[in-house]
Every structure is written in structure tokens, then in C-alpha cells.
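Trainee: Please take me through one pocket in close detail. I'd like to know what lines it and what sits elsewhere in the fold.

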Amino acid sequence: MTSWSKKRERKEEVKARAKEPSFRFHTCRVMGCGKPSRAATQDGLDTFYCRSHADHYSRHGSPYKRSYGASEIAPHRMIARAWLEANKDDMWVTNAIQRIQRLYANAGPHVEAFRLNGLSPQERARAAWARLRKAQVDPRKVVEACLAVELTIRADIQPDRKAEFKRVQWAKQVHKLASGTHKKWSGIGGGKTELHVYPRSRGQALRHLGADLEQAIELLLAHSLPESGL
């Protein structure tokens, strides 16, 4: 049996299982929700969350806490930028930047955002690194974004301190640095046509991107980190 046939067979199996409600897992585990989990309906295999909380978890890395907005991260980004500039010769800063550069170099060929369909989450994460490389995003900007998220979480009075939430928040901020494909061309009669495609910022691809970032800056976080001062 070919790998394609196995994938199709597996897909059909999962689809069939998703349509069979499992009443052993009947309630969403978010406190106060009370809705049936997706496994208790014909809406999937998730035994933990209802549809709305499962979607929230996929997008934000937490079933109940939303992602930080630009206004929340901005003051911490300024602190991180100033600290990185003042400590540009710090060995741990240099190490983090070099690790980001290696992620750029090992990402493989650039993939246009409209060609991501059908790629695995790992391939989508590598494609994100390739987009950053093609856009010539300074690796310091990537480190800065991660430090800004770290400081934002530390300043949050009701933080979600789970590792997955942090990884997803790192990934979402870095994803924004070079998030799409943009093309322009001349049409009939001299008119201009534009194409703007943005990859979805959700799902397992964010987790893989966040894991890459965690490995890249783990020594910097462990040995040398600015104080928020807010």
C-alpha cells in the first residue's frame, strides 16, 4: 500500500470516529462552560473541550486566555529592544541570534503562502522561517519579540504560565514579522492586479514554530533577561 493510500485510509478512519459521539467525555473541561466536548458530539475527537474552546485553544495556546494585543506588548517590546542594544555583546544574546540564523539557514526553500495547503505542521513551520529569511528580517527582531512576550507574561496579573501558551505567543509575534505573500502584475488594459495571501496563525504549526524559538532563546532566558520595570 502506498503512503498516499495509507494517509487516505487514516483520514477516513479518523473521520468515521469523529462522527461517533463518545458520551464518556461529555462536558467541556473549562470551568463554567458546561457545553458538551467535541467527542460527545459528531464534531471531532477532542475529549477535553467544546468547539468554541477548542478553536480558542488552537488559536491562542490556551482554552480560556486570549493572545496579547499589540498595545499590551508594545511597552515591553521597547524595553526588550533597548536592553538588546545595550547588551549586544552579551554571550547569551549572541548565542540566541546565532541560533535564529541557523533556523533561517536550515529552513529550506521559500514557499509562497498560497502553496502551503497540504503541507504538514512541521513543513509549515519551516516555511515560516524561510519567509523570514526571504524578507531579510533581522534575527534580533525575532529575539526582541520573544523577550517582549516573556516580559508581558511576567507583568500579567492573571497569566497563563503553561509552556504551550508561551510558545504559541512567541510564534504569533514572530509570525507577524513576515506573514504573507504579496504580488502585483499588470492585467488586460493596463489595469493592476494584486494578490495578498496570509498563512493562518493557528494550529500545530504554531507549536512547532514556538518549540524552535524556545530552543533558540532558552539559554538567554536562563542566564540573562531584562527586568520589565513596569
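Mentor: Sort the lining by class: Ala, Val, Leu, Ile, Met, Phe, Trp, Tyr, Cys and Pro are nonpolar, Asp, Glu, Lys and Arg charged, and the others, Gly among them, polar. The second largest pocket then has 6 nonpolar, 4 charged and 2 polar lining residues. Its charged members are Arg29, Asp160, Lys162 and Glu164. Gly61 and Ser62 are the polar pair. Val30, Met31, Tyr49, Tyr57, Pro63 and Tyr64 complete the lining. The volume is about 170 Å³. (A pocket is an open set of 1 Å grid points where a 1.4 Å probe fits, with protein on both sides within 12 Å along at least five of seven lines; lining atoms lie within 4 Å of a point.)

The model is predicted, local features need pLDDT (confidence, 0 to 100) of at least 70, and side-chain pairs need 80 or more, while totals and linings use all residues. Numbering starts at 1 in each chain, and side-chain values use heavy atoms, without hydrogens or water. The chain's mean pLDDT is 83, with 77% of residues at 70 or more.

Now the packing. The largest nonpolar core (buried residues, under 20% accessible, joined by side-chain atoms within 4.5 Å) has 40 residues. Ile100, Trp129, Val142, Val143, Leu147, Leu213 and Leu220 touch the most other members. Helices H3, H4, H5, H6, H7 and H8 (DSSP runs of at least four residues) each supply at least two core residues. H6 gives the largest share, 8. Apart from this core lies another of 5 residues, including Cys28, Val30, Tyr49 and Cys50. Val30 and Tyr49 also line the pocket.

Methods: Buried means under 20% relative accessible area, exposed over 50%, partly exposed in between (1.4 Å probe, protein chains only). Grid points are joined across faces, edges and corners, and a volume is the space filled by probe spheres set on the points.
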